[in-house]
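Let's walk through a protein model together, one question at a time. Have a look at the structure first, then follow along.

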Amino acid sequence: MSGPKTHPWIEKLGVYSAGKSKAAGTAKPVKLSANESALGPSPLAMDAYRNEAPNLFRYPDPVYADLRAALADKYDLEASRIVCGVGSDELLKTACRAYLGPGDEALFVAHSFSMYPIAIKSVGAAAIEVPDVDYKADVDKILTAVTERTKLIFIANPNNPTGTYISRRDVKRLIENISSNILLVYDAAYAEFMDQDDYTDGIELVEHHENVFVTRTFSKLYGLAALRLGWGYAPKNVAETLDKCRDPFNVPSSAQAAGVAALKDTEFEQKVISHTAQWRDWLSTELSSLGLTVIPSVTNFILFRFDDENKSAASANEFLTKRGYILRYYSGQGLDKFLRLTIGTADENEEVIKLLKEFLED
Ligand SMILES: *Cc1c(COP(=O)(O)O)cnc(C)c1O
């Protein structure tokens, strides 16, 4: 074969498989497959986005000063140590580019975010999967998997796709027991939904450790997935390194403006939080009473299992898709008995339960 030859690790690299958004024969399917917000974006964020239209010819602020200031203000952070990205996905990859290369190892937990192994392998490092316990990360298992070659550990807390979380105590035990030359990437994409006393959004870790990078996103609670806006917080040395590795104009002005507005709309934020909590309880109860096994969730989605072989997750997925309801079906990752349901609007949630009832009684 002629033509340019890529690195062997790029040749072998898989692509991220996104939650589906189309269903054959349905003009406008209900997409409950990507943990997008049931209530859309905040009206203030939409206004701010529209107001940026006349500035489309300008390059965006390369240091996103307003957005940094708004984040620093809201979460009591040091603005200079905030790094923003094209979704937190970009930040995860930037962390890999900055700290990993061929010959290195990075750890990720089984049944966690499928971008981690892709990001690790994209820079030629080895992606080591650590088993979980009861669909939760297990600190002892992670510590056991660390070798001299380990340079980075990914952990999502709360975790996607399981919806579970681990306690502040466990997180502290993890960071206190790894060498300070291993970067802990603490992905807190669902932190905004959390009010549990024993949870940490990771910000406190940044104050006490030099080897942590906390990532957050505007794609979930804030409903701005289309704008691709993520942010992270790190100790000075890590923040400076990541800043060097990112593109100079990586965050569009429209995303910066919408992000600032979204952070200010606390009323909308509260509405999303209570909608999510209310329907998460309702859906979990309904799914359980249909005889399905629900993994207890703290997020805006629910992972549940089909144990009856005659009523498999694959056939449920097909049944729902045909009727215009798209959930997340995992053919891989050892989750082929599961579907993941993103919490939708009241009508959508009721309809999903009605359809599942029909499927199971059929
Ligand atoms: C959705 C999600 C992300 C990615 O968010 P973007 O900011 O849209 O790239 C990262 N981590 C986890 C665990 C997620 O579920």
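Q: In what order do the seven strands of the open sheet with mixed pairing run?
A: Here strands are DSSP runs of E with at least two residues, helices are runs of H or I with at least four, and both are numbered from the N terminus. Two strands pair if DSSP finds at least two bridges between them. Seven strands join up this way in an open sheet with mixed pairing, in the order E2-E8-E7-E6-E5-E3-E4.

Q: Which strands sit at the edges of this sheet?
A: An edge strand pairs on one side only. The two that do so here are E2 (82-86) and E4 (126-130).

Q: Before going on, where does this model come from, and how are things counted?
A: It's a predicted model, where local features need pLDDT of at least 70 and side-chain atom pairs count only at pLDDT 80 or more, while totals for chains, interfaces and linings use all residues. Residues are numbered from 1 along each chain as its sequence is written, and side-chain values use heavy atoms, with hydrogens and water left out. In short, what you're looking at is a predicted model.

Q: Which residue of E5 is the bridge partner of Ala106?
A: Strand E3 (residues 105-109) pairs with strand E5 (residues 150-156) in the parallel sense, over three bridges. Ala106 has its bridge partner in E5, and that partner is Leu152.

Q: What angle does the direction of helix H3 make with that of E2?
A: H3 (residues 65-75) packs on the seven-strand sheet and touches E2, E7 (212-217) and E8 (229-233). For angles, axes are lines fitted to C-alpha atoms (for helices, over the stretch in contact), and values run from 0 to 180 degrees between N-to-C directions. Between H3 and E2 that gives about 125°.

Q: Which residue in the loop between H3 and E2 has a positive phi although it is not a glycine?
A: Look at the loop that links H3 and E2. One residue there has a phi of about 60°, and it's no glycine: Asp76.

Q: Why is one side of E9 and of E12 left without a neighbour in the sheet?
A: Both belong to an open sheet of four strands, antiparallel in pairing, with the order E9-E10-E13-E12. E9 (293-295) and E12 (328-329) stand at the edges, so one side of each is left free, because each has a single partner strand.

Q: What is the bridge partner of Phe301 in E13?
A: E10 (residues 301-305) and E13 (residues 338-342) pair in the antiparallel sense over five bridges. On the E13 side, Phe301 is matched with Thr342.

Q: Which helix lies across E9, E10 and E13?
A: Look for a helix covering residues 266-289. Its direction runs at about 10° to E10, and its name is H11.

Q: How many residues of domain 2 are in contact with domain 1?
A: The domain bounds come from an automatic or database domain assignment, which gives domain 1 (8-40 + 267-361) and domain 2 (43-265). Their C-alpha centres lie 24 Å apart. Taking contact as heavy atoms within 4.5 Å, 31 residues of domain 1 meet domain 2 residues numbering 34.

Q: What is the volume of the largest pocket?
A: On a 1 Å grid over the protein atoms alone, a pocket is an open set of points with protein on both sides within 12 Å along at least five of seven lines, while a cavity is a set where a 1.4 Å probe fits but cannot get out; lining residues have an atom within 4 Å of a point. Grid points are joined across faces, edges and corners, and a volume is the space filled by probe spheres set on the points. For the largest pocket this comes to about 540 Å³.

Q: Which helix gives the largest share of the lining of the largest pocket?
A: This pocket has 32 lining residues, and the closest to its centre are Tyr16, Ala34, Asp89, Phe113 and Lys220. Each of the two domains gives at least three residues to the lining. The largest share, four residues, comes from H4 (residues 87-99).

Q: What is the volume of the largest cavity?
A: The structure holds two cavities of 30 Å³ or more. Among the residues lining the largest one are Val109, Tyr135 and Asn157. Its volume is about 60 Å³.
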